[in-house]
Amino acid sequence: MFDLEASAWRGLREAIMEFEGRPVGVMAASDRELPRLNYDQCFVRDFAVCAPAFLLRGDTEVVRNFLIAVLRLQSTEHALEPLQPRKGLMPASFRPAERSRERFLKGDYGEESIARVTPADSVFWWLITLRAYTKVTGDTGLAERDEFQEGIRLILGLVLEGSFEMFPTLLVPDGAFMIDRRMGVYGHPLEIQALFFSGLRAALELLSGGDGLRQSVERRLRNLRHHIGRFYWVDRAVLSELRQVGPDQYGEEAVNIFNIFPESIPDWVDDWLPGDAGYFAGNLGPGRIDFRFFAQGNFLAVAAGLCGKERSGRLMHLVDRRWTDLAGAAPLRIVYPALEGEVWCTTTGADPKNAPWRYHNGGWWPCLLWSFASATVAAGRPDLLERALADAEPRFGRDGWPEYYDGQLDPQPGERARRKQSWSMGAYLYAKACLRDSSTAELYTWPDEIEPEDAFPDVR
Ligand code: GLC
């Protein structure tokens with residue numbers, strides 16, 4: 001009988017990238033049929049999703065080498081010039097290169113990537129992976145090394161300081177994370193905020209020493225939890241509050257502090273959102289709530305302990321009730337609904353790869369099984385994971401681990417999808433391990449114990 005897990009594991013091993021005779025990561029895809037572009041590089045976010053498959057097999061060396069390699073690529077210079085990565089930044093991807101007969105690992109911080117997008121998420125994926133590695137191996141010595149402690153401090157310097165704003169969330173340009181094409185995800189996208197929250201929680205566990213930095217991280221976590229919970233959560237009560245409060249309020253008494261115009265609430269939300277369900281909006285800014293459901297940010301929020309028990313339950317209940325829209329048979333849909341017509345044209349720049357219900361614009365991404373698995377365990381809904389896997393397994397074997405599926409109702413392997421996509425295989429292996437033993441998910445979940453605290457208690 002065809003063994004799907006063995007096929008995924010074989011595929012992952014074939015994708016291993018070596019440097020100086022040692023494994024340092026995996027290529028994004030080992031498909032040789034389509035142009036390689038940068039798919040022969042090791043992406044930090046993709047590897048983070050593959051790491052548990054290696055860790056759970058006891059194959060920890062590749063994860064350790066990856067952590068060291070990415071740390072050494074971290075930018076440590078105070079860059080004042082344009083086209084220089086900011087101090088503390090980690091690359092989106094890396095590959096072996098050669099200059100004057102010298103071999104080295106070359107990082108791409110966005111200066112070569114398609115559309116030159118900024119990888120704001122890599123530092124968080126690195127922290128999350130370091131925490132998982134430490135948990136599985138018990139090798140606390142790696143994170144305690146001076147260079148690792150310095151790397152963590154550089155990350156915290158990058159993300160805690162320096163912004164034009166006073167909000168606890170992170171402000172990023174378009175395409176700064178997994179959705180790395182123009183999709184109207186600039187500003188304060190949920191996925192970045194959920195990764196920020198998880199990354200800070202990981203940093204707190206990994207930092208040695210008890211100076212003021214710990215307190216800043218703890219305070220930021222409480223402020224972030226309050227902000228996301230207060231302003232991103234959407235349910236029927238929130239929708240009717242938004243319709244009642246009215247815009248253009250000034251000063252300390254303002255309730256509609258982001259000046260949301262009720263007319264901007266899209267028609268689909270009311271019919272689609274069941275009365276007892278809720279979720280986190282995809283983005284928030286002045287005069288703007290992006291009501292689209294972004295899967296990775298929502299699932300990460302549940303896994304990171306950013307929601308509270310009651311909301312985690314309502315969020316997973318939404319997935320259950322809207323199964324064909326959100327989970328489907330591929331699974332899972334990256335964002336719902338798709339941008340269509342004139343809005344698609346202006347928001348994506350008429351990007352044909354992101355045409356309605358394709359790729360990032362409503363396509364299906366098997367790699368999302370990673371965060372979904374963690375979220376289902378955290379919310380006590382393993383039945384949903386079981387269902388998603390049962391629906392998907394016949395496809396994965398037949399379709400050869402595509403990067404994504406396209407289609408509104410009947411998912412088909414994406415038109416430009418690579419096969420043997422590493423994080424599709426890695427996420428599947430981790431999801432299966434979570435289903436067999438729910439304690440596996442402790443690698444990527446956190447207890448729900450951060451007390452929310454308003455960053456501006458005197459203002460509202
Ligand atoms: C695409 C995806 C990105 C991924 C990369 C490598 O650019 O949008 O999320 O990291 O491919 O798989």
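**Strands, helices and Pro 85 in a predicted model**

Student: Is strand β2 (residues 22–26) buried or exposed for the most part?
Tutor: This is a predicted model, in which local features need pLDDT of at least 70 and side-chain atom pairs count only at pLDDT 80 or more, while totals for chains, interfaces and linings use all residues. Residues are numbered from 1 along each chain as its sequence is written, and side-chain values use heavy atoms, leaving out hydrogens and water. Buried means under 20% relative accessible area, exposed over 50%, partly exposed in between (1.4 Å probe, protein chains only). Because four of its five residues fall in the first class, β2 is largely enclosed by the rest of the structure: buried.

Student: In which sense do β1 (residues 16–19) and β2 pair?
Tutor: Strands are DSSP E runs of at least two residues, helices H or I runs of at least four, numbered from the N terminus. Pairing needs at least two DSSP bridges. Here four bridges join β1 and β2, and the sense is antiparallel.

Student: How is α2 (residues 44–56) oriented against α3?
Tutor: The axes, lines fitted to C-alpha atoms over the stretch in contact, give angles from 0 to 180 degrees between N-to-C directions. For α2 and α3 the angle is about 155 degrees, with the axes 9 Å apart. Angles over 145 degrees count as roughly antiparallel, under 35 as roughly parallel, 65 to 115 as roughly perpendicular, the rest as oblique. Therefore α2 against α3 is roughly antiparallel.

Student: Which residues does Pro 85 touch?
Tutor: Pro 85 sits in the loop between α3 (61–73) and β4 (93–99). Contact means heavy atoms within 4.5 Å. Leaving out residues up to four places away in sequence, Pro 85 touches Ser 75, Glu 77, Ala 79 and Tyr 109.
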